[in-house]
Amino acid sequence: MLLHARKIKEKLLGPEHLEMAELDYELAEVYDSQGSSQEAINYYLKAYKICKSKLGQNHPNTQISYKNLEMIYKENYPKEDFKQFLEEAMRD
């Protein structure tokens with residue numbers, strides 16, 4: 001249901017709209033609760049990128065997105081790899 005809503009909103013609002021970040025964050029939480037860590041990481045990353053772009057690095061929503069992304073990444077991958085992962089992901 002959320003994936004369907006995301007597709008519709010993306011067509012209406014565009015992929016960089018703040019509402020897309022909210023949906024991506026919700027999808028990340030759903031995937032995380034289901035144990036689908038890689039999908040959760042993907043959606044937390046999308047939410048983080050949008051928040052950082054639209055709200056700036058120091059906005060509370062951007063910081064929350066960053067912390068959740070960092071936490072789930074470090075639960076599943078070597079902790080020391082997170083900064084490199086994020087740097088590479090932000091170049092895309």
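**Overall fold and a nonpolar surface patch**

The protein contains five helices and zero strands. In this predicted model, the order of elements from the N terminus is α-α-α-α-α. The radius of gyration is 13 Å, close to the 12 Å that the globule rule gives for 92 residues, so the protein is as compact as a globular protein of that length. Measured out along the principal axes, the C-alpha trace spans about 40 × 30 × 25 Å.

Packing and surface were then examined. Of the 92 residues, 34% count as buried, where buried denotes a relative accessible area under 20%. Among contacts with a separation of 6 or more, 48% are accounted for by residues 24 or more positions apart. The area exposed by the protein is about 5,900 Å², and carbon and sulfur atoms supply 51% of this area.

A nonpolar patch on the surface is formed by Ile8, Leu12 and Leu13. Together, these three residues have about 290 Å² of accessible area. Ile8 is located in helix H1, which covers residues 2-13. The relative accessibility of Ile8 is 41%. Because this value lies between the 20% limit for buried residues and the 50% limit for exposed ones, Ile8 counts as partly exposed. Ile8 thus combines a place in helix H1 with membership of the nonpolar surface patch that includes Leu12 and Leu13.

Terms used:
Residues are numbered from 1 along each chain as its sequence is written. This is a predicted model: local features need pLDDT of at least 70, side-chain atom pairs count only at pLDDT 80 or more; totals for chains, interfaces and linings use all residues. Side-chain values use heavy atoms; hydrogens and water are left out. Patches are made of residues with over 30% relative accessible area and no salt bridge: like charges are joined within 9 Å, nonpolar side chains (Val, Leu, Ile, Met, Phe, Trp, Tyr) within 5 Å. Accessible areas come from the Shrake-Rupley method with a 1.4 Å probe; for residues, only the protein chains shown count as cover. A salt bridge is a side-chain nitrogen of Lys or Arg within 4 Å of a carboxyl oxygen of Asp or Glu. Helices (H or I, at least four residues) and strands (E, at least two) are DSSP runs, numbered from the N terminus. Buried means under 20% relative accessible area, exposed over 50%, partly exposed in between (1.4 Å probe, protein chains only). The radius of gyration is taken over C-alpha atoms; the globule rule is 2.2 Å times the number of residues to the power 0.38. Contact means heavy atoms within 4.5 Å.
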